[in-house]
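Visitor: I have a protein model open in front of me, and I would like to learn how to read its features one by one. Could you take me through it slowly?

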Amino acid sequence: MRESEYLIPDGDLLKRLKKVPNLSTFDAQDLQVLIRYSKIRQYHPDERIIKEGKRDPWLFFILSGKVKIVKKRNEVAVLDQMGDIFGEMGIIEDSVRSASVYAVDDTV
């Protein structure tokens, strides 16, 4: 996994994020707050992004690529659309991860 530093909001980045379906309704001020707490991560095929049973503070948006969600060794979903969100339940419920997530191909 390669990870950027925390992002710095600028006009170009805000325009690109407005094109992400799940972020398109955010206003510029809300996007600037989101950006300040964001990093860009790049994953290779079969690389684990989230480990079932572990705790971490991250919420993920797919910018490109594809991930599979695996619970108790069974694949339960595949996400492959720009803007798809995963990892939100661990944050909402303040709990350990209920499933693992793996990159299917090169994923950002």
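**Reading pockets, helices and a sheet**

Guide: Let us begin with a pocket, keeping in mind that this is a predicted model. The second largest pocket is lined by 17 residues, and those that lie nearest its centre are Ile69, Gly87, Met89, Ser98 and Ala99.

Visitor: Which elements give two or more residues to the lining of the second largest pocket?

Guide: They are the strands β5 (67–71) and β7 (85–86), together with the helix α3 (88–92). The largest share of that lining comes from α3, which gives three residues. Sorted by class, the lining of the second largest pocket has nine nonpolar, four polar and four charged residues, and the volume of this pocket is about 230 Å³.

Visitor: How is such empty space found, and how much space lies in the largest pocket?

Guide: The general idea is that a probe the size of a water molecule is rolled over the atoms, which shows where empty space is left. In this model the largest pocket holds about 640 Å³ of space. Its lining is made of 29 residues, of which Ser38, Lys39, Ile40, Leu59 and Phe61 are the closest to the centre. Two or more residues of that lining come from each of α1 (11–18), α2 (28–36) and β4 (60–61). By class, the lining of the largest pocket has 23 nonpolar residues, with two polar and four charged ones beside them.

Visitor: Two of those elements are helices, so I would like to know how a pair of helices is described. At what angle do the axes of α1 and α2 cross?

Guide: Two packed helices are described by the angle between their axes and by the distance between the axes. Here the axes of α1 and α2 come within 10 Å and cross at roughly 105 degrees. Because angles of 65 to 115 degrees count as roughly perpendicular, α1 is roughly perpendicular to α2. On the side of α1 the contact is made by Leu13, Leu14, Leu17 and Lys18, and on the side of α2 by Ala28, Leu31, Gln32 and Ile35. The residues of this contact divide into six nonpolar, one polar and one charged.

Visitor: Now I would like to turn to the strands. In what order do the four strands of the open sheet stand?

Guide: The order is β3-β8-β5-β6, and the pairing is antiparallel. Since β3 (48–50) and β6 stand at the edges with a single partner strand each, one side of each is left without a neighbour in the sheet. From one strand to the next, the twist averages 30 degrees.

Visitor: How many bridges join β5 to β6, and which residue in β6 does Ile69 stand opposite?

Guide: Five bridges join β5 to β6 (residues 74–79), and these strands run antiparallel. Ile69 stands opposite Ala77 in β6, while the bridge partner of Val67 in β6 is Leu79. The two strands form a hairpin with two residues between them, and Lys72 in the turn has a positive phi of about 50 degrees.

Visitor: What joins β5 to β8, and what joins β3 to β8?

Guide: Between β5 and β8 (residues 100–103), which run antiparallel, there are four bridges. Val67 stands opposite Ala103 in β8, and the bridge partner of Val70 in β8 is Ser100. Between β3 and β8, which also run antiparallel, there are two bridges, and here Arg48 stands opposite Tyr102 in β8.

Technical notes:
Residues are numbered from 1 along each chain as its sequence is written. This is a predicted model: local features need pLDDT of at least 70, side-chain atom pairs count only at pLDDT 80 or more; totals for chains, interfaces and linings use all residues. Side-chain values use heavy atoms; hydrogens and water are left out. On a 1 Å grid over the protein atoms alone, a cavity is a set of points where a 1.4 Å probe fits but cannot get out, and a pocket is an open set with protein on both sides within 12 Å along at least five of seven lines; lining residues have an atom within 4 Å of a point. Grid points are joined across faces, edges and corners, and a volume is the space filled by probe spheres set on the points. Ala, Val, Leu, Ile, Met, Phe, Trp, Tyr, Cys and Pro count as nonpolar, Asp, Glu, Lys and Arg as charged, and the others, Gly among them, as polar. Axes are lines fitted to C-alpha atoms, for helices over the stretch in contact, and angles run from 0 to 180 degrees between N-to-C directions. Angles under 35 degrees count as roughly parallel, over 145 as roughly antiparallel, 65 to 115 as roughly perpendicular and the rest as oblique. Contact means heavy atoms within 4.5 Å. Two strands pair if DSSP finds at least two bridges between them.
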